[in-house]
Amino acid sequence: MHPRVAKEKRIVESMITNFCIDIHKNPEVCTDCKELMEYADKRLLKCPYIEDKPICSKCDIHCYNKNQKDQIKVVMRTLGPKMLYTNPLDTIWYYYYKFIHKRQKLT
Ligand SMILES: [Zn+2]
């Protein structure tokens with residue numbers, strides 16, 4: 001696996017896990033969140049730019065379905081501001097996603 005993909009996978013997984021524990025108040029990741037996680041992983045692994053992955057905001061391919069996109073948007077929006085304090089390095093990823101979704105709304 002490309003290191004960049006591995007990193008992105010790790011961040012997405014940890015965000016969804018935190019989201020489920022914080023918001024869904026589950027001791028373990030619930031089925032919905034697990035599905036979203038698997039979906040995100042699949043999209044990452046299928047990324048055609050895997051060898052030289054651009055940051056997703058620069059990617060021409062919007063690979064998420066509307067449904068999953070909305071779900072991930074909620075996760076990012078909820079956790080983004082929190083992550084600024086707990087995990088500043090990873091927070092940059094939040095802005096990538098935020099940016100993509102903003103751009104997608106316009107098109
Ligand atoms: Zn959940």
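**Exercise 1. The length of helix 1**

What span should the 22 residues of helix 1 have at 1.5 Å a residue, and how far apart are its end C-alpha atoms?

*Solution.* The model is predicted. Step one takes the expected value: at 1.5 Å a residue, the 22 residues of helix 1 should span 32 Å. Step two takes the model itself, in which the end C-alpha atoms of helix 1 are 30 Å apart. Step three sets the two side by side, and they agree.

**Exercise 2. The faces of helix 1**

Determine which residues of helix 1 are buried and how they are arranged about the axis of the helix.

*Solution.* Begin with the list of buried residues in helix 1: Glu8, Ile11, Val12, Met15, Ile16, Phe19 and Cys20. Viewed down the axis of helix 1, these buried residues lie within an arc of 165°, so they line one face of the helix. A general rule helps to read this pattern: an α-helix has 3.6 residues a turn, so residues three or four places apart point the same way. Next, turn to the face of helix 1 directed away from the buried side, which carries the exposed residues Pro3, Ala6, Arg10 and Asp22.

Valine 12, found in helix 1, serves as a check on the burial. It has 22 C-beta neighbours inside 10 Å and therefore counts as buried, since the cut-off for buried is 20 or more. Valine 5 also lies in helix 1, but with 17 C-beta neighbours inside 10 Å it counts as partly exposed.

**Exercise 3. The residue after helix 1**

Describe the backbone and the surroundings of lysine 25.

*Solution.* First, locate the residue: lysine 25 follows helix 1 and is found in the loop between helix 1 and helix 2. Second, consider its backbone. Most residues other than glycine have a negative phi. Lysine 25 is not a glycine, yet its phi is positive, about 55°. Third, count its neighbours: lysine 25 has 8 C-beta neighbours inside 10 Å, and so counts as exposed.

**Exercise 4. Length and faces of helix 2**

Apply the same two analyses, of span and of burial, to helix 2.

*Solution.* For the span, helix 2 has 16 residues and reaches 22 Å from its first C-alpha to its last, close to the 22 Å expected at 1.5 Å a residue. For the burial, the buried residues of helix 2 are Cys33, Leu36, Met37, Ala40 and Leu44. These residues cover an arc of only 100° around the axis, which puts them on the same side of helix 2. The face turned away from that side carries the exposed residues Thr31, Glu38, Lys42, Leu45 and Lys46.

**Exercise 5. The nonpolar core**

Identify the elements that build the largest nonpolar core, and the residues with the most contacts inside it.

*Solution.* The largest nonpolar core has 16 residues, and those with the most contacts inside it are Met15, Ile16, Phe19 and Val75. Two or more residues of this core come from each of helix 1 (3-24), helix 2 (31-46) and helix 3 (66-86). Helix 1 gives the most, with 6 residues.

Now follow one residue of the core. Setting aside neighbours within four places in sequence, isoleucine 16 is in contact with Cys33, Leu36, Met37 and Val75.

**Exercise 6. Pairs distant in sequence**

Find how far apart in space the C-alpha atoms lie in three pairs of residues: valine 12 with valine 75, valine 5 with aspartate 41, and glutamine 71 with aspartate 32.

*Solution.*
- Valine 12 and valine 75 are 63 residues apart in sequence, and their C-alpha atoms are 9.4 Å apart.
- Valine 5 and aspartate 41 are 36 residues apart along the chain, with 9.1 Å between their C-alpha atoms.
- Glutamine 71 and aspartate 32 are 39 residues apart along the chain, with a C-alpha separation of 9.7 Å. Glutamine 71 lies in helix 3 and is buried, because 20 other C-beta atoms lie within 10 Å.

**Exercise 7. The chain as a whole**

State how many helices and strands the chain has, and where confidence is lowest and highest.

*Solution.* The chain has 4 helices and 0 strands. Of its 107 residues, 22% count as buried. The mean pLDDT is 73, and 58% of the residues reach 70 or more. Confidence is highest in helix 2, at a mean of 88, and lowest in helix 4 (residues 88-106), at 55. Where pLDDT is low, the predicted coordinates should not be read in detail.

Definitions and conventions. Residues numbered from 1 in each chain as written. Predicted model: local features only at pLDDT ≥ 70, side-chain atom pairs only at ≥ 80, totals over all residues. Core = buried A, V, L, I, M, F, W, Y, C linked by C-beta atoms within 7 Å. Buried ≥ 20, exposed ≤ 12 C-beta atoms within 10 Å, placed from the backbone. Contact = placed C-beta atoms within 7 Å. Expected span 1.5 Å × (residues − 1). Arc of directions from axis to C-beta. pLDDT = per-residue confidence, 0-100.
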